[in-house]
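Colleague: Could you take me on a close look at one part of this model, the place where the two chains meet? I would love a connected account rather than a list.

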Amino acid sequence: MIVRVMSEGQYRLEGDAVGRLNQLDDRAQEALERDDEAELDRYLEEMAALVRRDGERLPDDDLSPSDAIVPPSDLTLAETKMFFSDEGLIPDVSK
Amino acid sequence: MGLMSRTSNVVRAWISKLLDRAEDPAVTLDYSYERQLELLQNVKKGIADVVTAKKRLELQTKKLETELPKLDEQARQALAADREDLARAALERKAFAQEQLQSLDQQIDDLAAQQNKLAASEKRLSAKVEAFRTQKETIKAQYSAAEAQVKIGEAATGIGEEMADTGLAIQRAQDKTEQMQARAAAVDELVDSGTLEDYTSSGTSLDRELAQISAQNQVDADLERLKGELASGAPQKELEKETK
């Protein structure tokens, strides 16, 4: 599957790495539910590191949509919550 | 649902909001392309803004670094004049300036990281924009309306992710830059108005007292020099020679 690591780019990830990524993802979700920013950042960084290490980087000019997107790990807890809320954190660029 | 799925949902929703307004596939392609070009301009501007902010902080660092020896010298003069209170005040200012310097170093590093991130974003987005430009003409020319719809959906989503990502990176760099500009302005004001030199409660009187000590030292030194000259008599002869 194709995984995007936000602010880094896209990777192709196969095999058991996908399962390990999903496990980390569950833990990241739990950390967010506990409002544990340090743990959340740690899991998100681990996820990005796993994708970087075990995945194969897609060329920059590849236009394939991603199957999964790892959110950025450098957000504060408040920013992460806003990112997932209806208000959103990504600015509107439509005209 | 894990965070990756939630993130995908957020990004997909952002993309459909962006492309919602156009029903005609060809219009969607052109509209998306226009926004991509705009975003590329914005990311370039974002990089320029970060560089400007970074330069300003670097200038500030230089300015503060020149303050340090001055404050040291003031403290030395105050001590020589047996004014430990003044020496302490001068050293407190020095400590404050050093603190500012450390925080400036950190901020400059942060801005450099933002600059690198934006530059990498720009590189990725421009590669995708170029690929999209080629693909959109192919789609327009070769596919039936129904097929084109699917192809457009894929291409627009693929590049839409990069646009959302870049949009967020620009926003975050801008926030950081603004924060640091505001702090830089505050420190600039402190240094320029000389407040860094009298941020203590003793205020300008401290400067005056230090200046007085400095002047006193100069007067004492001059007196010593003149006394020495009189005792040796040498400069007197020099003066006579000159008047002849």
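Modeller: Happy to. Contact here means heavy atoms within 4.5 Å. Please keep in mind that this is a predicted model.

Let me start with the whole interface and then move in. On that cut-off, 39 residues of chain B are in contact with 43 residues of chain A. Between them the two chains bury about 3,600 Å², and carbon and sulfur atoms give 58% of that area. Three residues stand out on one side: Leu3(B), Met4(B) and Arg172(B) supply 21% of the area that chain B buries against chain A, more than any other three residues.

Now for the polar side of the picture. The rule finds 19 residue pairs in polar contact across the interface, with both residues at pLDDT 80 or more. It also finds six salt bridges between chain B and chain A. One salt bridge joins the side chains of Asp60(A) and Lys123(B), with 3.3 Å from N to O.

Which parts of chain B make up its side of the interface? The elements that give two or more residues are α1 (3-19), α2 (25-80), α3 (84-142) and α4 (145-192) of chain B. Of these, α4(B) gives the most, with 13 residues. By type, the residues on the side of chain B that touches chain A divide into 16 nonpolar, eight polar and 15 charged.

Helix α2 of chain B deserves a closer look, as Arg35(B) has its place there. Arg35(B) counts as buried because its relative accessibility is 6%, and the cut-off for buried is under 20%. Leaving aside neighbours within four places in sequence, Arg35(B) is in contact with residues of both chains: Val93(A), Ser94(A) and Lys95(A) on one hand, Leu18(B) and Met163(B) on the other.

To round off the view, here is the sheet of the partner chain. In chain A, four strands form an open sheet in the order β3-β2-β1-β4, with mixed pairing. Its edge strands are β3 (56-57) and β4 (68-70) of chain A, each of which pairs on one side only. Strand β1 (residues 2-5) of chain A runs parallel to β4(A), and three bridges join the two. Within that pairing, Val3(A) has Ala68(A) in β4(A) as its bridge partner.

Technical notes
Residues are numbered from 1 along each chain as its sequence is written. Chains are lettered from A and ligands numbered from 1 in the order in which they are written. This is a predicted model: local features need pLDDT of at least 70, side-chain atom pairs count only at pLDDT 80 or more; totals for chains, interfaces and linings use all residues. Side-chain values use heavy atoms; hydrogens and water are left out. Two strands pair if DSSP finds at least two bridges between them. Buried area is the accessible area (1.4 Å probe) that two parts lose on being put together, summed over both. A salt bridge is a side-chain nitrogen of Lys or Arg within 4 Å of a carboxyl oxygen of Asp or Glu. A polar contact is a pair of N or O atoms within 3.5 Å; within protein, one must be able to donate a hydrogen and the other to accept it, and residues adjacent in sequence count only if both atoms are side-chain atoms. Ala, Val, Leu, Ile, Met, Phe, Trp, Tyr, Cys and Pro count as nonpolar, Asp, Glu, Lys and Arg as charged, and the others, Gly among them, as polar. Buried means under 20% relative accessible area, exposed over 50%, partly exposed in between (1.4 Å probe, protein chains only).
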